[in-house]
Amino acid sequence: MGDLFAEAAPTPDDPPRRRLARLGLAALVTATLLGLALLLGDWAYGQRRLSMHEGRLQRALDQQPTLAALAAGLGAEAGVVELSASDPVARLAELTEGRLAGQREVLLARAREAAALRLFRVEADLLYVAFGDAAGRFTGFAIVEIEASAGGGDQKR
């Protein structure tokens with residue numbers, strides 16, 4: 001009868017090494033999921049930002065303003081600075097050096113063919129390229145990411 005009420009020595013369900021391995025695995029899974037969530041959030045923000053800028057220029061293109069009117073409108077917005085250059089095509093080539101892979105040559109060819117060209121730096125990392133015709137009307141655009149950022153954005157119209 002003595003065995004019935006005797007206290008048994010406690011045996012750990014989990015040895016310390018196994019507990020540590022489980023905690024390490026849980027931390028690794030949590031860090032991976034957090035990193036994935038942040039990466040996807042950054043990508044989504046970049047896509048939304050590019051889509052917002054593209055929408056803005058598309059609405060302007062639909063109204064068919066002159067390049068001067070477009071420059072005045074964009075110049076009134078915070079974060080938009082017109083880049084003046086005696087040779088805007090050369091300036092565009094300089095700003096896109098090492099970017100856009102195969103699309104760079106297409107963009108530069110289009111810039112050389114345009115009768116008028118204006119460049120606008122937006123925030124710290126975007127470039128609006130506004131194309132115009134001989135009458136100075138806004139006829140097309142490209143949005144180029146000129147600083148390192150998450151997405152590979154080049155939007156053209």
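**Salt bridges, burial and confidence**

Biologist: Why is Asp133 called buried?

Modeller: Its relative accessible area in this predicted model is 18%. Buried means under 20%. Asp133 is under that, so it is buried.

Biologist: What makes Asp133 and Arg137 a salt bridge?

Modeller: Their closest N and O atoms are 2.8 Å apart. The limit is within 4 Å, so the pair counts.

Biologist: Is Arg137 buried, partly exposed or exposed?

Modeller: Partly exposed, at 43% relative accessibility. That class runs between the buried limit of 20% and the exposed limit of 50%, so 43% belongs in it.

Biologist: Which residues do shared salt-bridge partners join into one network?

Modeller: Arg49, Glu123 and Glu145.

Biologist: How many salt bridges does the structure hold?

Modeller: Eight. One of them links Arg56 and Glu77.

Biologist: How do you know that Arg56 and Glu77 form a salt bridge?

Modeller: The closest N and O atoms are 3.1 Å apart. That is within 4 Å, therefore the pair qualifies.

Biologist: What makes this a link between distant parts of the chain?

Modeller: Arg56 sits in helix α1, residues 16-63. Glu77 is in the loop between α2 (67-75) and β1 (80-83). The two are 21 residues apart.

Biologist: Why are both Arg56 and Glu77 called partly exposed?

Modeller: Arg56 has a relative accessible area of 23%. Glu77 has 29%. Neither value is under 20% or over 50%, so both residues are partly exposed.

Biologist: Where do Arg91 and Glu94 lie?

Modeller: Both are in helix α3, residues 88-95. They are three residues apart, about one turn of the helix. They form a salt bridge, with the closest N and O atoms 3.1 Å apart. Arg91 is partly exposed because its relative accessibility, 24%, is between the 20% and 50% limits.

Biologist: Why is Leu25 called exposed?

Modeller: Its relative accessibility is 54%. Exposed means over 50%, so Leu25 passes. Leu25 lies in helix α1. It also helps make a nonpolar surface patch of about 700 Å², with Leu28, Val29, Leu33, Leu36, Leu39 and Leu40.

Biologist: Which elements have the lowest and the highest mean pLDDT?

Modeller: Strand β5, residues 154-156, has the lowest, at 45. Helix α1 has the highest, at 91. Over residues 149-157 the pLDDT is below 50. Beyond near neighbours in sequence, that stretch has 31 contacts in the model.

Biologist: What is the chain average?

Modeller: A pLDDT of 82, and 85% of the residues score at least 70.

How values were computed: Residues are numbered from 1 along each chain as its sequence is written. This is a predicted model: local features need pLDDT of at least 70, side-chain atom pairs count only at pLDDT 80 or more; totals for chains, interfaces and linings use all residues. Side-chain values use heavy atoms; hydrogens and water are left out. A salt bridge is a side-chain nitrogen of Lys or Arg within 4 Å of a carboxyl oxygen of Asp or Glu. Helices (H or I, at least four residues) and strands (E, at least two) are DSSP runs, numbered from the N terminus. Buried means under 20% relative accessible area, exposed over 50%, partly exposed in between (1.4 Å probe, protein chains only). pLDDT is the predictor's confidence in each residue, from 0 to 100. Contact means heavy atoms within 4.5 Å. Patches are made of residues with over 30% relative accessible area and no salt bridge: like charges are joined within 9 Å, nonpolar side chains (Val, Leu, Ile, Met, Phe, Trp, Tyr) within 5 Å. Accessible areas come from the Shrake-Rupley method with a 1.4 Å probe; for residues, only the protein chains shown count as cover.
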